[in-house]
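Here is a friendly walk through one protein model, meant to be read with the structure open beside you. We will start with charged pairs, move on to a sheet and a helix, and end at the surface.

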Amino acid sequence: MGPSDLEEIIGDIQPCESASVLVGPGDDAGIYLIDGTAIVETVDVITPVVNDPFTFGAISANNSLSDVYAMGGRPVSALAIAGFSSCDYEPVVFKEILRGAVHSLKRAGAILIGGHSFEDAELKFGLSVTGIIDKNKILKVSGAEEGDVIVITKPIGIGILTTSLKGGKLTDDDMKTAVGWMLSLNDKASELALKADATACTDITGFGLLGHAHNMVKDAVINFEIEIDSVPVLEHVREMINAGMVPEGAYNNLRFLDGKVEFSSNIAEEDRLLLSDPQTSGGLLITLKEENIKVFEESGIFFSVIGRVIKGSGRIIVK
C-alpha cells in the first residue's frame with residue numbers, strides 16, 4: 001500500500017478513547033498501559049531482499065524489531081508471521097528463515113513464542129513484536145523543535161540495491177556491505193537517542209528518508225532542511241540508479257511527496273528518487289539539540305548530521 005492511501009486510511013480512524021492508550025495509530029508502534037507498565041506493540045512483514053533464507057529471516061526480524069527501538073522501547077517477545085508457497089519451497093527453506101529470525105531475536109534479548117503461517121503465492125515473513133518502554137521516555141514521530149539537528153544512523157539505498165540483486169545487476173558479494181547494515185540492530189541508536197534527550201524519532205523503512213521525514217513535520221510549525229551531500233549513501237547505489245534499477249516504491253513515494261518537499265534546482269531526479277527509496281531495516285531518523293550531538297560523537301557508532309529543523313509549515317527543503 002502506498003503512503004498516500006495509508007495516510008488517508010489512518011486519518012479516518014477514530015481517535016483511541018481509552019486512557020490506557022499512550023500512543024495510537026499514526027506512529028511507529030502502539031503503546032498501551034497495563035497496571036503501570038507501558039507495552040509497545042508492532043508488526044511488519046516483508047518479501048525476500050536477499051537470496052539466502054537464513055539471512056532473509058534475520059533481516060526481516062531486524063526490520064520488525066526496528067519500530068520498537070524507534071519508540072525507545074526494548075523488545076521482549078515476538079510472533080512469527082509467514083506467507084509460504086508449499087508448491088515452490090521445501091519446508092527446510094522456512095526452517096532456515098525461522099532460524100535467522102530467532103538469531104536476531106536472541107541478539108535483541110527477545111524470544112519467539114509462537115506465530116502463524118498461511119498459503120501465499122509470494123514468500124512473505126515478519127514478526128509481531130511486543131516490548132516494554134518507560135512511559136516517561138517515549139520517543140515519538142512528532143516533537144521536533146526549531147534549532148534541532150537531524151541525525152541518521154545508517155546509509156540509504158537499500159531498495160535500489162535489492163532491486164539490482166533481483167535484476168541480476170549485482171551479486172551476493174556486491175551486497176555484503178548492504179546486508180551488514182540490514183543485519184545491524186537499531187538498539188544502540190535508540191539508547192543514544194534517549195540519552196541525548198531526542199525530541200523526535202522514527203525508523204526509515206518503506207516510505208524512504210523523505211517519506212518518514214514528512215511524517216515528522218506534517219501538521220507542525222517547523223520545516224526540515226536537509227543537505228543532500230550530507231546524506232550517507234551505500235556503495236553501488238548511484239551506479240545502479242543510472243542502470244535503471246529503481247524500485248517502483250521509490251517512484252510512488254516521490255509522487256506522494258509532490259507539494260510536500262521543496263527541492264533546490266540543483267537536486268537531480270536521480271537524487272530525488274534516492275531520497276525516496278524504500279529501505280529495509282533502515283536506520284533511525286532523530287532530531288535533537290545541537291549540544292547533545294556529543295552523545296553520538298562519544299559513542300563510536302555510525303551517524304551523520306544531515307540537516308536541521310527550522311521554523312516553517314510542515315515542509316521538507318532539500319538543498
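Searching the whole structure turns up 12 salt bridges. Please keep in mind that this is a predicted model. Three of the pairs are set out here.

| Pair | Closest N to O distance |
|---|---|
| K289 and E145 | 2.5 Å |
| D173 and K176 | 3.0 Å |
| R308 and E290 | 3.5 Å |

Let us begin with K289 and E145, whose side chains meet in a salt bridge. K289 sits in the loop between strand 11 (284–288) and helix 11 (294–297), while E145 sits in the loop between strand 6 (124–133) and strand 7 (149–152), so this pair ties together parts that are 144 residues apart in sequence. K289 is partly exposed, because its relative accessible area is 22%, and E145 is partly exposed as well, at 39%.

The next pair is D173 with K176. Are these two residues buried or exposed? D173 is exposed, and K176 is exposed too.

The third pair in the table joins R308 to E290. Since R308 belongs to strand 12 (residues 304–311) and E290 to the loop between strand 11 and helix 11, their salt bridge ties together parts that are 18 residues apart in sequence. R308 counts as partly exposed, with a relative accessibility of 31%, and E290 is also partly exposed, with 44%. Elsewhere, D120, E122 and K124 are joined into one network by salt bridges that share partners.

Now for the sheet. In which order do its strands lie? The 7 strands of this open sheet follow the order 8-11-7-12-9-13-10, with mixed pairing. Strand 8 (200–203) and strand 10 (261–263) stand at the edges, and each has a single partner strand, so one side of each is left without a neighbour in the sheet. On average, neighbouring strands of this sheet are turned by 20° against each other, direction ignored. As general background, the strands of a sheet pair through backbone hydrogen bonds, either parallel or antiparallel.

At one of these edges, strand 10 runs parallel to strand 13 (residues 316–318), and 3 bridges join the two. To find this place on your screen, look for F263, which stands opposite V318 in strand 13. At the other edge strand, helix 2 (residues 53–70) lies across strand 8 and strand 11. The direction of helix 2 is about 175° to that of strand 8.

Helix 4 (residues 158–166) deserves a look of its own. How many of its residues are buried? The helix is mostly covered, with 7 of its 9 residues buried. Those buried residues are I158, G159, I160, L161, T162, S164 and L165. Their cover includes helix 5 (176–182), helix 8 (237–242) and helix 10 (269–275). Just after helix 4 comes G168, which takes a positive phi of about 80°.

Finally, let us turn to the surface. L79, I111 and I113 form a nonpolar patch there, and together they offer about 290 Å² of accessible area. Of these residues, L79 is found in strand 4 (residues 74–84). L79 counts as partly exposed because its relative accessibility is 37%.

How values were computed. Residues numbered from 1 in each chain as written. Predicted model: local features only at pLDDT ≥ 70, side-chain atom pairs only at ≥ 80, totals over all residues. Heavy atoms only, no water. Patch = residues over 30% accessible without salt bridge, like charges linked within 9 Å, V, L, I, M, F, W, Y side chains within 5 Å. Areas by Shrake-Rupley, 256 points an atom, 1.4 Å probe, with all protein chains shown as cover. Salt bridge = Lys/Arg side-chain N within 4 Å of Asp/Glu carboxyl O. Helix = DSSP H or I, 4+ residues; strand = E, 2+ residues; numbered from the N terminus. Buried < 20%, exposed > 50% of the residue type's maximum accessible area, 1.4 Å probe, protein only. Pairing = 2+ DSSP bridges. Axes fitted to C-alpha atoms, helices over the stretch in contact; angles between N-to-C directions. Contact = heavy atoms within 4.5 Å.
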